[in-house]
Amino acid sequence: MTTQQTIVIIGAGPGIGYHTALRFAQDGYRIALMARDEQRLQSLVTRLTDQGYDATAHVADVRTTVSLAAQFEVIKRIHGSIDVLLYNALANTPGRPTVLRAENLRADFEVNVIGALNSVNAALPYLSPDASILLTGGGLALSPVADVASLSLGKAALRNLAYSLHDELKEQSIHVGTLTIAGFVEEGTYFAPQHIAQALHELRQERAIERIYKEEQQ
């Protein structure tokens, strides 16, 4: 990969977000990390820049299109066009369907699904030809669990959105794909964040609409 490519990671944290940034940085990408927590972002950027990688922090709220638009303009000015957009933001109010409060479900959906669409729309004017939009999905989209009904609904809707965006944006040579993580992200396991990061890197290369990341039974 050329050093001129840039990945924007929305919902950047110390798990999947950081490890994906590191994996793409090792492949020559410049890194733009975006989240609401400025202190956490700066910590992640420092970890990357201390290793010699080009990384910047951008504070934005995916629920606010104005803040997203402003930060994408900054990213464009600093890094140029965007080659990969990873949406990794998540909100989760635990609870079974009949006990979930409507306002909690609505608030989660605004981050898990609407925030993804807001981010895609804000990024579109700055995407390079043959860019990829990657969405961090979950196995709950395929096998919902009552105790996390809100997240199950959100991941199902996000998967649906990925397919819809893929169908629409392929005409512009923009790749949309989702990594459906069928397990709990945990260090030292098959679902360790560095393994997830590698799968996301491969999804970018394969340009597939979906990859179901699951541990095969022996």
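Which residue's side chain does a polar contact of 2.6 Å join to the side chain of Thr 180? The partner is Glu 210, and the contact runs between the two side chains. This report works on a predicted model.

## Thr 180 and its surroundings

Thr 180 sits in strand β6, which covers residues 175–181. Its relative accessible area is 1%, so Thr 180 is buried.

Several residues from elsewhere in the sequence touch Thr 180. Leaving out residues up to four places away, they include Gly 137, Gly 138 and Gly 139. Leu 142 touches Thr 180 as well. So do Glu 210, Arg 211, Ile 212 and Tyr 213. Glu 210 thus appears in the list of touching residues and in the polar contact of 2.6 Å.

## The largest pocket

The largest pocket has a volume of about 870 Å³. Its lining has 36 residues. Closest to the centre are Asn 88, Ala 89, Leu 90, Leu 151 and Lys 155.

Four elements give two or more residues to this lining: α1 (16–26), β2 (30–35), β5 (127–138) and α5 (149–169). The most comes from β5, with 3 residues. By type, the lining residues divide into 20 nonpolar, 11 polar and 5 charged.

## Helix α1

How many of the 11 residues of α1 are buried? The count is 9, so α1 is largely enclosed by the rest of the structure. The buried residues are Ile 16, Gly 17, Tyr 18, His 19, Thr 20, Ala 21, Leu 22, Phe 24 and Ala 25.

Gly 28 follows α1. The phi of Gly 28 is positive, near 95 degrees.

## The nonpolar cores

The largest nonpolar core has 32 residues. Those with the most contacts inside it are Val 8, Ile 10, Met 34, Phe 72, Leu 85, Tyr 87 and Ile 133. At least two residues of this core come from each of β1 (6–10), β2, α3 (65–79), β4 (82–87), α4 (102–123), β5 and α5. The largest share belongs to α4, with 6 residues. Another core, of 29 residues, lies apart from this one. Among its members are Ala 12, Ala 35, Leu 179 and Ala 199.

Met 34 shows what surrounds one of the residues with the most contacts inside the largest core. Neighbours within four places in sequence are set aside here. Met 34 is in contact with Val 8, Ile 9, Ile 10, Gly 11 and Ala 12. Its contacts also include Leu 41, His 58, Ala 60 and Leu 68. Gln 71, Phe 72 and Ile 75 are in contact with Met 34 too.

## Two residues of α3

Ile 75 lies in helix α3. With a relative accessible area of 0%, Ile 75 is buried. Beyond four places in sequence, Ile 75 touches Val 8, Ala 32, Met 34, His 58, Gly 80 and Ile 82. Ser 119 is 44 residues from Ile 75 along the chain, and their C-alpha atoms are separated by 13 Å.

His 79 is also placed in helix α3. Is His 79 buried or exposed? At 4% relative accessibility, His 79 counts as buried. Its side chain makes a polar contact of 2.8 Å with the side chain of Thr 56. Neighbours within four places aside, His 79 is in contact with Thr 6, Arg 30, Ile 31, Ala 32, Asp 54 and Thr 56.

## Leu 165 in α5

Leu 165 lies in helix α5. At 6% relative accessibility, Leu 165 counts as buried. Neighbours within four places aside, Leu 165 is in contact with Leu 117, Val 120, Lys 170 and Val 176. The C-alpha atoms of Leu 165 and Leu 135 are separated by 11 Å. Along the chain, these two residues are 30 residues apart.

## Positive phi in two loops

Ser 173 lies in the loop between α5 and β6. Ser 173 is a residue other than glycine, yet its phi is positive, near 65 degrees. At 39% relative accessibility, Ser 173 counts as partly exposed.

Arg 207 is placed in the loop between α6 (193–206) and β7 (210–213). Its phi has a positive value, near 60 degrees, in a residue other than glycine. Arg 207 is partly exposed, with a relative accessible area of 31%.

Definitions and conventions
Residues numbered from 1 in each chain as written. Predicted model: local features only at pLDDT ≥ 70, side-chain atom pairs only at ≥ 80, totals over all residues. Heavy atoms only, no water. 1 Å grid on protein atoms, 1.4 Å probe; cavity = no way out; pocket = protein on both sides within 12 Å on 5 of 7 lines; lining within 4 Å. Points joined across faces, edges and corners; volume = space filled by probe spheres on them. Nonpolar A, V, L, I, M, F, W, Y, C, P; charged D, E, K, R; others polar. Core = buried A, V, L, I, M, F, W, Y, C linked by side-chain atoms within 4.5 Å. Buried < 20%, exposed > 50% of the residue type's maximum accessible area, 1.4 Å probe, protein only. Contact = heavy atoms within 4.5 Å. Polar contact = N/O pair within 3.5 Å; in protein donor to acceptor, adjacent residues only side chain to side chain.
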